[in-house]
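Open the model in your viewer and keep the selection panel at hand. The stops below each begin with something to select, followed by what is there.

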Amino acid sequence: MTIPFDAKAHFQAQIQFLAQALHSGQSPFWTHNVFAGSPQVADPQSLIFSPAILLALFNPSPSFRAVDAYVLAHLLVGGLAMLMFFRDRGWHPAGALLAALVFAFGASAAWRVQHVGQIASFAFFGLAFWMTARMLQRASLRYGLLAGFAAGMMVLEPDQVALLGAYILIGMVVAYWLSEGWAGFRASIAPIAAACFAGIVTIAVPLLWTWLFAEATTRPAIDLVEAGRGSLHPASLLTAFVGDLFGARDPAVDFWGPYSPQWDAKELFLSQNMGQVYVGALPFLLLIVPGLSRGWLWDKAIRPFTILFVLMVLFALGRYTPFFHLAYDYLPGVKVFRRPADATFLIGGLGAVLSGYLLHRILSEEKPGPIWRDLGIGAVVIAALIGLALLVSKQAGHLGDAFLPSATAAAWFATALALLVVLTRWRGAAAPPGREPDRDRRRRRRPCRQ
């Protein structure tokens with residue numbers, strides 16, 4: 001009926017305070033309701049510098065439904081940005097639709113929708129992702145300004161999703177330079193300068209206030225051990241294909257996965273929904289076949305996103321790989337956040353691009369070749385992974401709890417395999433409307449002789 005947990009316990013109160021302060025003629029920049037008083041204008045979770053200010057201006061007491069609509073509208077914007085990203089490249093609209101759905105409802109975008117600030121950062125990341133790609137593609141100052149503004153809005157509520165999103169945008173620019181060489185570098189300098197200008201103007205004052213506020217607290221930085229306690233346990237990757245393996249969604253099952261007492265909860269501090277990375281059966285299947293089986297994940301068009309996707313997985317695993325330690329020591333900003341598992345948002349976002357592109361390739365290949373080998377590989381891999389999930393559950397003494405989620409996952413993957421067969425056999429019916437043949441155009445344009 002409504003988005004629960006932090007969306008109501010924290011962010012609903014923030015929006016209510018903002019709206020009531022504005023409509024009663026008071027300043028929302030300071031609140032006496034937190035401790036002995038707090039500079040609300042410097043709190044990144046206050047939503048003062050977010051689109052929520054519009055909701056507060058028009059509604060003196062925003063309801064649960066209004067705030068929920070505000071949150072879901074962010075996911076809609078992110079999904080539409082994915083559609084436009086695919087459209088700019090002329091990729092198949094079915095792939096674009098899949099990417100939009102995965103972006104808006106995959107991984108943490110669905111499981112952690114109560115984290116309103118991170119959802120906003122994620123949505124603006126999608127917008128900045130599209131604008132940055134268009135800026136580079138068209139060498140446009142206008143889209144440079146828009147990309148900078150979107151990236152600035154992403155960072156206005158500084159959280160780790162925004163930080164990692166910024167690094168992904170930087171990775172996109174570097175990949176473009178490496179691909180296009182000196183000519184591409186020279187053509188992109190002016191648009192990138194415009195983007196930097198727009199971004200700095202957008203974030204300068206709010207981010208300065210937040211930084212000064214953080215410096216005055218007892219925890220302006222997080223040490224490596226404390227940050228590592230927010231790592232994604234490797235076993236949580238099993239939820240990529242068995243969505244509710246550990247009972248995070250089922251109220252009839254006591255959560256038994258990582259971060260529960262059965263998995264030494266003193267070492268990891270994450271709530272049960274933070275370890276969920278399920279993006280759907282079809283998208284995951286596409287990453288295996290044809291993504292890995294045919295090597296399409298290494299296509300030049302998406303190779304940078306494949307690399308960034310792998311880096312986000314490594315970052316999310318935190319203490320379980322050396323990569324996070326290196327990122328903590330050498331990447332600016334990492335030391336001020338406590339949960340490497342926040343990268344699961346970007347895993348979903350980049351997974352959306354990869355799976356959508358793979359579906360585009362399947363539907364647009366002139367000679368797709370036989371698919372039975374790929375389907376066989378996919379079936380074997382999925383069976384092995386579900387078998388691994390059952391083995392882990394057996395060792396934990398929860399085989400009975402894992403049986404239904406595993407069987408459900410197997411059924412969805414079987415459906416996805418069947419759908420791939422249908423899509424490859426009837427690709428013509430799913431093809432986007434293209435240009436009419438030149439011969440037909442010439443015939444239609446030939447003047448009639450009276």
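This is a predicted model. Searching the whole structure for cavities of 30 Å³ or more turns up three.

**The largest cavity**

Start with the largest cavity, which holds about 120 Å³ of space. Select Arg294, Ile362, Ile371, Asp374 and Thr424: of the eleven residues lining this cavity, these are the closest to its centre. Then colour α10, α14 (372-395) and α15 (399-425), the elements that each give two or more residues to the lining. By class, the lining of the largest cavity has eight nonpolar residues, one polar and two charged.

**A cis peptide in α10**

Stay with helix α10, which covers residues 281-292, and select Pro290 within it. The peptide bond between Val289 and Pro290 is cis, with omega at about 10°.

**The second largest cavity**

Next, go to the second largest cavity, with a volume of about 70 Å³. To show its lining, select Val41, Ala42, Asp43, Pro44, Ser46, Leu47, Ile48 and Phe49, then add Leu156, Glu157, Pro206 and Thr210. Eight of the lining residues of this cavity are nonpolar, two are polar and two are charged.

**The loop between α1 and α2**

Select Gln40, which sits in the loop between α1 and α2. Is Gln40 buried or exposed? Its relative accessible area is 4%, so Gln40 counts as buried. Beyond its neighbours within four places in sequence, Gln40 is in contact with Gln14, Phe17, Pro28, Phe29, Trp30, Thr31, Ser46 and Ile48. Two of these contacts, Ser46 and Ile48, also appear in the lining of the second largest cavity.

Now select Phe35, in the loop that runs between α1 (6-23) and α2 (52-58). Phe35 is not a glycine, yet its phi is positive, near 55°. Phe35 counts as exposed because its relative accessibility is 82%, and the cut-off for exposed is over 50%.

**The largest pocket**

Turn to the largest pocket, which has a volume of about 1,700 Å³. It is lined by 47 residues; select Pro44, Gln45, Pro158, Val336 and Phe337 to see those nearest its centre. Pro44 is also among the residues that line the second largest cavity. The elements α1, α6 (116-138) and α8 (160-215) each supply at least two residues of the pocket lining. Which element gives the largest share of the lining of the largest pocket? It is α8, with twelve residues. The lining of the largest pocket divides into 22 nonpolar, 16 polar and nine charged residues.

**The second largest pocket**

The second largest pocket contains about 610 Å³ of space. Of its 22 lining residues, select Ala175, Tyr176, Ser179, Lys300 and Pro304, which lie nearest its centre. Here α6, α8 and α11 (303-317) are the elements that give two or more residues to the lining. Again α8 provides the largest share, in this case eight residues. The lining of the second largest pocket comprises 15 nonpolar, three polar and four charged residues.

**Helix α4 and the residue that follows**

Select α4 and look along its length. The helix has 13 residues and reaches 18 Å from its first C-alpha to its last, close to the 18 Å expected at 1.5 Å a residue. Within α4, show Gly95, Ala96, Leu98, Ala99, Ala100, Val102, Phe103 and Ala104, which are buried. Add α3 (64-88), α5, α6, α10 and α13 (344-364): what covers the buried residues of α4 includes these helices.

Just after α4, select Ala107, where phi is positive at about 50°. Ala107 lies in the loop between α4 (93-105) and α5 (108-111). With a relative accessible area of 0%, Ala107 is buried.

**The largest nonpolar core**

Finish with the largest nonpolar core, which has 131 residues. Select Phe85, Phe125, Phe129 and Phe305, the residues with the most contacts inside this core. Then keep Phe129 and show what it touches: Met82, Phe85, Leu169, Met172, Phe305 and Val353, not counting residues up to four places away in sequence. In soluble globular proteins, nonpolar side chains tend to be buried together.

Terms used: Residues are numbered from 1 along each chain as its sequence is written. This is a predicted model: local features need pLDDT of at least 70, side-chain atom pairs count only at pLDDT 80 or more; totals for chains, interfaces and linings use all residues. Side-chain values use heavy atoms; hydrogens and water are left out. A nonpolar core is a set of buried Ala, Val, Leu, Ile, Met, Phe, Trp, Tyr and Cys residues joined through side-chain atoms within 4.5 Å. Buried means under 20% relative accessible area, exposed over 50%, partly exposed in between (1.4 Å probe, protein chains only). Contact means heavy atoms within 4.5 Å. Helices (H or I, at least four residues) and strands (E, at least two) are DSSP runs, numbered from the N terminus. On a 1 Å grid over the protein atoms alone, a cavity is a set of points where a 1.4 Å probe fits but cannot get out, and a pocket is an open set with protein on both sides within 12 Å along at least five of seven lines; lining residues have an atom within 4 Å of a point. Grid points are joined across faces, edges and corners, and a volume is the space filled by probe spheres set on the points. Ala, Val, Leu, Ile, Met, Phe, Trp, Tyr, Cys and Pro count as nonpolar, Asp, Glu, Lys and Arg as charged, and the others, Gly among them, as polar. The expected span of a helix is 1.5 Å times one less than its number of residues.
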